[in-house]
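Q: I am new to this structure and would like a close look at a single part of it. Please describe that part first and then work outward to its surroundings.

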Amino acid sequence: MEEKQKAGFGTAQLCCRCLPSSLFGAQILFFLLKWSLNPAVSAVITSHVHQGYPRGTVMRFLKAREWNVPKAHKMLMDCLNWRLQNEIDSVLAKPIVPSDLYRSIRETLLVGLTGYSKQGQPVYAFGVGLSTFDKASVHYYLQSHIQMNEYRDRVVLPGASNMFGKQVNTCLKIMDMTGLKLSALNQIKMLSTITAVDDLNYPEKTETYYIVNAPYVFSACWKVVKPLLQERTKKKIKVLYGPGRDELLKVMDHEALPHFCNREGSGSLSDGVDCYSYDHPFHQQLYNFVKQQALSQDIVGPLKQGSMHVHVPVPDIEDAKIAETIESELHKLREGNGLSRSFNRINIEGP
């Protein structure tokens with residue numbers, strides 16, 4: 001009993017029903033952390049996790065666990081241990097070399113920063129349908145994704161806060177489903193891996209997901225997945241018609257629109273380069289930042305090639321169920337009509 005209390009498990013009966021306010025929940029969780037953290041873990045949480053706003057971090061984990069204090073405490077402790085065991089604090093000092101390999105990753109894991117919303121949130125574009133994940137090992141793709149997360153939290157969000165004169169803690173993501181095929185079944189494992197890492201270690205960093213250019217195959221999967229989602233998650237997902245340009249312009253200016261949402265102009269193109277490209281300013285800044293961090297580590301000799309082997313946390317039951325449901329639905333679609341091509345876009349009602 002003494003060991004359980006020491007680890008913070010003695011509060012197992014506390015949940016959202018018995019908390020008078022979310023602030024009180026944050027105070028309890030903050031107390032539990034101080035009570036149970038060893039010095040090594042404490043060093044992590046004061047360095048890169050909360051970025052100077054520990055209460056905001058605690059609130060994110062509480063929100064991710066529906067304000068259940070013991071569950072949020074366990075989630076945060078698991079996250080901190082994951083960071084220690086996988087040396088995540090140093091991931092931005094481990095460049096993916098040679099640069100041609102990094103370029104190949106950028107060509108097959110399509111993601112980029114397009115600008116900022118009217119509220120100051122960074123806007124990220126993700127080419128879900130056209131990402132193939134076929135030019136490198138899963139370890140390199142995961143390393144690149146984690147580097148993107150860490151760069152967002154350590155550089156992009158603090159920069160946005162300074163730029164807009166207020167605290168900016170979340171981003172917006174525009175998920176482009178162009179090119180999504182039934183053969184996407186082969187990509188589910190990689191996408192599930194990325195989702196597990198984000199959900200368990202970077203919770204509540206995305207305020208809204210905008211789904212655009214959605215083909216029929218997405219519609220079919222969405223119908224079976226939507227009922228499995230928590231209400232909090234459903235509210236964060238907005239399925240837009242076609243490229244969603246008009247809706248997106250309500251929350252961001254023209255310059256922040258991704259190129260695939262803007263038929264009348266360049267949108268996020270920079271000197272003719274789209275936001276996914278290795279040559280886009282964002283990716284150049286990120287890659288140069290990582291190389292500079294590596295040089296500052298006083299590493300003797302040239303940078304060595306080799307990926308980080310990051311342990312992938314076990315997905316939540318909800319996430320695992322969703323992945324299984326999508327895989328099952330794609331199997332049904334493939335067996336039902338034998339199609340391997342993209343479907344035409346259709347009008348999809350949002351959640």
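How many bridges join strand 1 to strand 2, and do they run parallel or antiparallel?

A: Strand 1 and strand 2 run antiparallel, and five bridges join them. This is a predicted model, so the confidence of the prediction is taken up at the end.

Start with the hairpin itself. Strand 1 covers residues 111–116 and strand 2 covers residues 122–127. Five residues lie between the two strands, and within this hairpin Gly120 takes a positive phi near 95 degrees. Where strand 1 ends, Tyr116 stands opposite Pro122 in strand 2. Strand 1 is largely enclosed by the rest of the structure, because five of its six residues are buried.

The loop between these strands also holds Gln121. With a relative accessible area of 9%, Gln121 is buried, because buried means under 20%. Leaving out residues up to four places away in sequence, Gln121 touches Gly115 and Tyr116. Its other contacts under that rule are Val168, Thr170, Cys171, Leu172 and Glu207.

One of those contacts, Glu207, belongs to strand 4, which spans residues 206–212. In the loop between helix 8 (188–201) and strand 4 lies Glu204. Phi of Glu204 is near 55 degrees, a positive value in a residue other than glycine. Most residues other than glycine have a negative phi. Glu204 is buried, with a relative accessible area of 13%.

From the hairpin, the next step is to the aromatic residues. Tyr124, Tyr151, Phe282 and Phe289 form one aromatic cluster, and Tyr124 falls within the range of strand 2. The structure holds eleven aromatic pairs. In one of them, Tyr151 and Phe289 meet edge-to-face, at 5.3 Å centre to centre and with 70 degrees between the planes. This pair links distant parts of the chain: Tyr151 is in helix 7 and Phe289 is in helix 12 (residues 281–295), 138 residues apart. Tyr151 counts as buried at 6% relative accessibility, whereas Phe289, at 26%, counts as partly exposed.

Phe282, another member of the cluster, touches both strands of the hairpin: its contacts include Gly112, Leu113 and Tyr124. It also touches Met148, Tyr151 and Val156, again not counting residues up to four places away in sequence.

Phe282 leads on to the interior. In soluble globular proteins, nonpolar side chains tend to be buried together. Here the largest nonpolar core has 54 residues, and Phe282 is among those with the most contacts inside it, along with Ile146, Ile211 and Phe218. Helix 7 (residues 138–164) gives the largest share of this core, seven residues. Apart from it lies another core, of 16 residues, among them Ala125, Tyr210, Leu248 and Phe260.

Leu248 also appears among the contacts of Cys261, a residue in the loop between helix 11 (245–248) and helix 12. Cys261 counts as buried, at 1% relative accessibility. Its contacts beyond residues up to four places away in sequence are Ile174, Val212, Pro243, Arg245 and Leu248. Of these, Val212 is 49 residues from Cys261 in sequence and 7.9 Å from it in space, C-alpha to C-alpha.

Two backbone details lie before the hairpin in sequence. A cis peptide bond joins Val97 and Pro98, with omega about 0 degrees. Most peptide bonds are trans. Pro98 is found in the loop between helix 5 (69–85) and helix 6 (99–108). The other detail is Glu66, in the loop between helix 4 (54–64) and helix 5. Glu66 has a positive phi of about 55 degrees although it is not a glycine, and it is partly exposed, with a relative accessible area of 36%.

Finally, the confidence. The protein averages a pLDDT of 80, and 73% of the residues score at least 70. Over residues 1–21 the pLDDT is below 50, and this stretch has 29 contacts in the model beyond near neighbours in sequence. Residues 338–351 likewise have a pLDDT below 50, with 39 such contacts. Where pLDDT is low, the predicted coordinates should not be read in detail.

How values were computed
Residues are numbered from 1 along each chain as its sequence is written. Side-chain values use heavy atoms; hydrogens and water are left out. A nonpolar core is a set of buried Ala, Val, Leu, Ile, Met, Phe, Trp, Tyr and Cys residues joined through side-chain atoms within 4.5 Å. Buried means under 20% relative accessible area, exposed over 50%, partly exposed in between (1.4 Å probe, protein chains only). Helices (H or I, at least four residues) and strands (E, at least two) are DSSP runs, numbered from the N terminus. Contact means heavy atoms within 4.5 Å. pLDDT is the predictor's confidence in each residue, from 0 to 100. Rings of Phe, Tyr and Trp (its six-membered ring) pair if their centres lie within 6.5 Å; planes under 30 degrees apart count as stacked, over 60 as edge-to-face and the rest as tilted. Two strands pair if DSSP finds at least two bridges between them.
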